[in-house]
Amino acid sequence: MSFPFYRQLNAMDCGPTCLRMIARHYGRHHNTDSIRQKTGFGKQGVSLLGISETAEKMGFRTRGVQVGFEKLKSVPMPAILHWNHNHFVVLVDIKRRSVKIADPARGIVSLPVKEFEKKWSTNKNEDQQRTGTALLLEPTPGFYETGSEKEKKLKWGFIAQYLKSSRWQLTQVCLALLMGMFLQLVMPFLTQSMVDNGINAGNMEYIVLVLFAQLMLTFSSTIISFIRSRLQMVISGTINISILSDFWIKLTRLPLSYYDSRHTGDTLQRISDNKQLQSFLTGQTLNTLFSMLNFAIYAVILIMYDINLFMLFAIGNILYFGWINIFMRFRRNINHEMFSLSVKEKNTTLELVQGMQEIRLNNAEQFKRWGWENTQVQLFKLDFKSLNYNQWQSAGALLITQAKDIVISFMVARLVVKGQLTFGAMLSIQYIIGQLSGPVAQFISLAQGVQDVKISMERLNEIHELEDEEPADQIFTHRLPEDKTIRINQLSFSYPGVGNPPVLEDIALTIPGGKITALVGDSGSGKTTILKLLLKIYTHYSGELKVGENNLSFISSAFWRRNCGAVLQDSYVFNDTIARNIAVGDESIDEARLITSCKIANILSFIETLPNGFNTKIGAEGIGISQGQRQRLFIARAVYKNPEYLFFDEATNALDSNNEKVIVENLNEFFEGKTVLIVAHRLSTVRNADKIVVLHRGKIVEEGTHTSLTARKGYYYELVKNQLELGK
């Protein structure tokens, strides 16, 4: 029985995919996304410990071992191997001279023993013998007690919905193709008639008439082709916008934590997949379908002339299809490898562009450039590999096609010599053979296109099958309670990944409505994490978050964030005007509110010095602004929303003391009646807070006002003393 193989769809998906293959081998299907959630999948992938714990949850008995190759031969298979320091593969079988593995990035491959050991045996034991890491898995009775998950198969039906909106244009294209096909069908008979009835009879008037008819047919075909191309362009543009728009809509509905576990390049590459899907739908597919109809009609005509000629043509093309099919598997593997490398190349390029300042400041130009060059070398090698396969495929296909055409030409000439065909019929047959060869080549191209689109569909389907942040079958509240107090009970949180220490442990905290609460503590104590949990950026936690008497998880995320203003450490400057960067979500900007928010953030005077004022463009294509100006811009953005809740994370740490003093005074006035949570280190920012909460190693150690906490001389007092360098 062949080993079930699944391809990894993300750059860091190898671990969950290996586990999925082994589960399928033992008769149970699990979707990759559900395995990801169990393993604590993140941007760095998953650890062997994470795979082990997830496998045990699924009903496997696991054991991690460090063994040499000889001992590996006796372990139960399949097993998961740690591969080349940064990858996971499944060990399927070991033979005398080769080892069979299922590599989620490449496919099922057999490697020579030496090459296998080089990639797997990356450690040395006490006796200096080379060893490798393996995770052994055996199903327990509990594994078979759980049922399989419903397999999320490709939904080709969702493609058809994009064609529905262009039904009328598609109908016109189909009519144009039918008319063009009909005009082409007349051509061989005109050619035969001109030769047999015109040239042989010496009738020039008849020849001129036939040639004029051919000219009119050619002119008509050109006009039809011109109209058809324009219609296809309209359909293509409409479908392209629809597909990409739906993709972006889906991305905006996913939980915010999705972006913490995916590389930017993965998302960008899937945009290319969308474009490939659009090209497939509107380009070759329609033409090929009508070409096959054309093929059927010309095939019938050829059979009417001579069935032996058709049989010879069919045999030649069967050989042609067989030769092309040999290379389909190679093309699929190259497509997947190209996707992974393209993701890596996009991430590397983005890092070079966006991080150039830091690269230059740290003299890392050469090192980072080498990393980019290594990726380019890998892409070149893969392109060369693809070229190699394409050349062999083309050479074999050309040889088969030419041999078929030569044999057919010989047989047709033989029939003419024997008097069984007229010279005009020979020309007609040659024309028909040419018209039959075109659809065959198009069909091959379509088959390759289907393969590429199927791969793209698998990657897109993975995104579309992810659960929305607000599933349609759940009801969410779109109303804030009268009591604006936030209550946190027994809250614990760890970042995704097995073995990660808890960031927050059993937190119990009340953030009073209409008051200012400050969170202080050492770096890494969990302050920012609490803010992100309250903004519903992270949703997988234990404990309870409540707004008034309403559970936060039951409040609509979009509605909740609409009523929240936030300044985070990683807030983003858009490539747009200053006004649009402040009034991000407003189509029509409230100028009075815009000016007020800039006054509160103490940035209005800076904006007024700019030649274009609020219309000055900033971001990637605009003028550069300092870190302090960025922070004031973000404060103005939060204030402009005029929300019920405000969350500030080190919102003034890049400001000078004068700016900070003015802004803090302005904000204190603006904060009146609003529920505010501030994370800060500076005493000047938090001393006037109604409540100060001190965190230490994920736990609350003190609560109170500045005066009461200072008098207690505990953790808060030490923070203040170190900041102000006070004596004992």
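This is a short tour of the structure, stop by stop, with something to select at each one. Keep in mind that you are looking at a predicted model.

**The whole chain**

Start with everything shown as a cartoon. The protein has 728 residues, and 47% of them count as buried. Colour by secondary structure and you'll have 26 helices and 17 strands to find your way through. Switch on the surface next: about 37,300 Å² is exposed, with carbon and sulfur atoms supplying 55% of that. One more number before zooming in: among contacts with a separation of 6 or more, 72% are between residues 24 or more positions apart.

**A cis peptide bond**

Select Met77 and Pro78. The peptide bond joining these two is cis, with omega at about 5°. Pro78 sits in the loop between α4 (69-72) and β2 (79-83).

**A nonpolar patch**

Now select residues 204-253, which make up helix α9. Within that helix, pick out Phe212 and show its side chain. Is Phe212 buried, or partly exposed? It has 48% relative accessibility, so it counts as partly exposed. Add Leu215, Met216, Phe219 and Ile223 to your selection: along with Phe212 they form a nonpolar patch on the surface. Together these five have about 500 Å² of accessible area.

**The sheet of 4 strands**

Move along to the strands β9, β8, β11 and β12. In that order they form an open sheet, and the pairing is antiparallel. Look at the edges, where β9 (504-511) and β12 (550-551) stand. Each has a single partner strand, so one side of each has no neighbour in the sheet. Then bring up α17, which packs on this sheet and touches β8, β9 and β11. The direction of α17 makes about 115° with that of β8.

For a closer view, select β8 (residues 486-493) with β9: 5 bridges join this antiparallel pair. Ile486 makes a handy landmark, as it stands opposite Ile511 in β9.

**A lysine with a positive phi**

Stay with α17 (527-534) and follow the loop that leads from there to β11 (542-547); Lys536 lies in it. Lys536 is not a glycine, yet its phi is positive, at about 65°. Its relative accessibility is 6%, which is why it counts as buried.

**The sheet of 6 strands**

Which strands should you select next? Take β13, β14, β15, β10, β16 and β17, which is their order across an open sheet with mixed pairing. The edge positions here belong to β13 (564-567) and β17 (699-704); both have a single partner strand, so each has one side left without a neighbour in the sheet. On average, neighbouring strands in this sheet are turned by 15° against each other, direction ignored.

Zoom in on β10 (residues 516-521) and β16 (residues 691-696). These two run parallel and are joined by 5 bridges. Which residue of β16 is the bridge partner of Val520? Select Val694 and you have it.

**Last stop: an arginine**

From β16, carry on into the loop that connects to β17, and you'll find Arg697. Here is another positive phi in a residue other than glycine, near 55°. With 69% relative accessibility, Arg697 counts as exposed, whereas Lys536 counts as buried. Show both side chains with the surface switched on to finish the tour.

Note on methods. Residues numbered from 1 in each chain as written. Predicted model: local features only at pLDDT ≥ 70, side-chain atom pairs only at ≥ 80, totals over all residues. Heavy atoms only, no water. Patch = residues over 30% accessible without salt bridge, like charges linked within 9 Å, V, L, I, M, F, W, Y side chains within 5 Å. Areas by Shrake-Rupley, 256 points an atom, 1.4 Å probe, with all protein chains shown as cover. Salt bridge = Lys/Arg side-chain N within 4 Å of Asp/Glu carboxyl O. Buried < 20%, exposed > 50% of the residue type's maximum accessible area, 1.4 Å probe, protein only. Pairing = 2+ DSSP bridges. Axes fitted to C-alpha atoms, helices over the stretch in contact; angles between N-to-C directions. Contact = heavy atoms within 4.5 Å.
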